[in-house]
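Work through the exercises below with the sequence and the model open. Each task is followed by a solution in steps.

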Amino acid sequence: MDRRFRCAMGGLGALVRGMAALALALAVAVGASAPGRGPSPPAAASSASGTPPQRVLVIPVRGNIEPGLARFVMRGLAQAQRERAAVLLEISTFGGRVDGATEIRGAIDAAVDAGVPLAAWVPDRAISAGALIAIAAPALYMAPDATLGAAEPRPADEKTISFVRAEFEAAARSRGRDPQVAAAMVDKDVAIPQLVERGHILTLTGERAHAIGFIEGLADSRQEALARAGWAGLPVDELAPTAGERLARFVTDPVVAPILLSIGMAGLVAEFYVPGFGFPGIVGLASLALFFGGHLLAGVAGWEAALLFLVGVVLMAVELVMPGFGIFGMAGLLAMGAAIVLVTGDVRRGLEALLAGIVVTLAVVVALGRVAGRRGLWRRLALPTRLGEAEGVRSTAADPTLVGQRGRALTPLRPAGTAAVGGRRVDVVTEGEYLPAGTAVEVIRVEGRRVVVRAVAGDGMDRPGADGGEGPGPRTGERA
């Protein structure tokens, strides 16, 4: 028991060292992987088919922008197209993920092309990624004191700024808005006389945006925005998220997702310190289920990511059973890391989430290790009684004289087991081959307490005492 416990501890220690090495590599990877016309006329009061809309569907775009919100907006736009309803996007957000905003922009373009009358209204703010959604609307209305812009991405490297700036310029140009104004919201190197100086990011109030002709008009309330869009008097319904969409939005939030992943990984590691399956394991599994399930509901990734993560967990478990940080441990860590990157849908965010999870897990391991040491948990997990020769147990000390001796396997060698060599039981191990009990073996080398054997032909093993015992010999009543 003590030997198995030391092996398990060795496996856990190797696992921690491997996770620390992977965390360092991820930290490096995260640092290196960063991603003049006037306004168009107001939204038409009828669809492209010429049929006036019979109702208006208000789609709220509130809170952090993430893939879950994108799926919610896409469902609303599809519903409006089926029901021949007009759409008012009510935008109130400080921003969020650029990929979520670009998905919503693409859905807006598709809906407009399909003939859905669409307008957007900003009652208070459409900041960062939210500004891209607002600019993509064919008609945009704002409250006088509402704000629009401040969309410099993070990280603010040349590659990311170039991409986001191009998205803003394309969205503005497609709706007849000034692309330079949109670019100034993203790139502080863009200067516009009497509007923004070089070195500053542009943010417009509703009054200022209307004064320069960047939006279609001002609206203090939803009713006023509907009237300016030409939909006054039509029945109005507000799209409500389903329970699954609320869960998906919560789990894919840029702040919540890394926390869930960290709790999940730390809970599974903490379970090792608790005899039986207890609270840490339940919390860890529940957190991981929320992390992966929410992203699956949001449509960010498919089931292959969750299956890949499970494969990684199995490989890590194999590594703990077979101590020595090797191919199973590395393959397990790589599989888990790849699954997390796949399920987040973004390489950089996936690496950040994985790095946060590993750092938290390592901190939990260190903390629990100290607590376990102070409270004597290791003594409760290990066998406290020392068994010696008086109890019929002999330890396998380094004994070079065993080399060349032959014996017989007393247990199956898979590849470790017990053999009778030199008149005593010896813990032995093969070079990887599996041998059944009773196989004749020969000691080929002794490495400290590790006795390595190999199978040999049966010649000489029929002699009395060849395996360290009395030998089979002829039985009474049998002919020799």
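**Exercise 1: A hairpin**

Task: Find the residue with a positive phi in the hairpin of strand 11 and strand 12.

Solution. The hairpin of strand 11 and strand 12 has 2 residues between the strands, and G422 takes a positive phi near 65°. Before going further, note that this is a predicted model, in which local features need pLDDT of at least 70 and side-chain atom pairs count only at pLDDT 80 or more, while totals for chains, interfaces and linings use all residues. Residues are numbered from 1 along each chain as its sequence is written, and side-chain values use heavy atoms, with hydrogens and water left out. Strands (E, at least two residues) and helices (H or I, at least four) are DSSP runs, numbered from the N terminus.

Next, take the pairing. Strand 11 (residues 416–421) runs antiparallel to strand 12 (residues 424–429), and 6 bridges join them. Two strands count as paired if DSSP finds at least two bridges between them. At one position of this pair, A416 stands opposite V429.

**Exercise 2: The sheet around strand 12**

Task: Which strand pairs with strand 12 in the parallel sense, and is the sheet of strands 10, 11, 12, 14 and 13 open or closed?

Solution. Step one: strand 14 (residues 450–455) pairs with strand 12 in the parallel sense, over 2 bridges. Step two: name the partners. V428 has V451 as its bridge partner in strand 14, and V429 has V452. V429 thus appears in two pairings: opposite A416 and with V452.

Step three: follow the order. The strands run 10-11-12-14-13 and form a closed barrel of 5 strands with mixed pairing. Neighbouring strands of this sheet are turned by 55° against each other on average, direction ignored. Angles here run from 0 to 180 degrees between N-to-C directions, and axes are lines fitted to C-alpha atoms, for helices over the stretch in contact.

**Exercise 3: Two loop residues**

Task: Is T430 buried or exposed, and is P400 buried or exposed?

Solution. T430 lies in the loop between strand 12 and strand 13 (440–447). Its relative accessibility is 2%, so T430 counts as buried. The cut-offs are under 20% relative accessible area for buried and over 50% for exposed, with partly exposed in between (1.4 Å probe, protein chains only). Leaving out residues up to four places away in sequence, T430 touches L413, P415, L435, V452 and V453; contact means heavy atoms within 4.5 Å.

P400 lies in the loop between helix 15 (377–381) and strand 10 (406–409). At 63% relative accessibility, P400 counts as exposed. The C-alpha atoms of P400 and E447 are separated by 8.5 Å, although the two residues are 47 residues apart along the chain.

**Exercise 4: Helix 3 against helix 4**

Task: How are helix 3 and helix 4 oriented to each other, and which residues make the contact?

Solution. Helix 3 (residues 98–113) and helix 4 (residues 129–136) pack at an angle of about 5°, with their axes 9 Å apart. The two helices are therefore roughly parallel; the classes are under 35 degrees for roughly parallel, over 145 for roughly antiparallel, 65 to 115 for roughly perpendicular, and oblique for the rest.

Helix 3 contributes A101, T102, I104, R105, I108 and D109, and helix 4 contributes A129, L132, I133 and A136. By class, these residues are 7 nonpolar, 1 polar and 2 charged. Ala, Val, Leu, Ile, Met, Phe, Trp, Tyr, Cys and Pro count as nonpolar, Asp, Glu, Lys and Arg as charged, and the others, Gly among them, as polar.

Now look at A129 in helix 4. A129 is buried, with a relative accessible area of 6%. Among the residues that A129 touches, not counting those up to four places away in sequence, are I65, G95 and A101.

**Exercise 5: Helix 9**

Task: Which residues of helix 9 (residues 243–251) are buried, and where do they lie around the axis?

Solution. E245, A248 and V251 are buried in helix 9. They cover an arc of only 130° around the axis, which puts them on the same side of helix 9; the arc is that of the directions from the helix axis to the C-beta atoms.

Then find the neighbour. Helix 2 (residues 67–83) packs with helix 9 at an angle of about 150°, with the axes 7 Å apart. G68, L69, R71, F72 and R75 of helix 2 meet E245, A248 and R249 of helix 9. This contact has 3 nonpolar, 1 polar and 4 charged residues.
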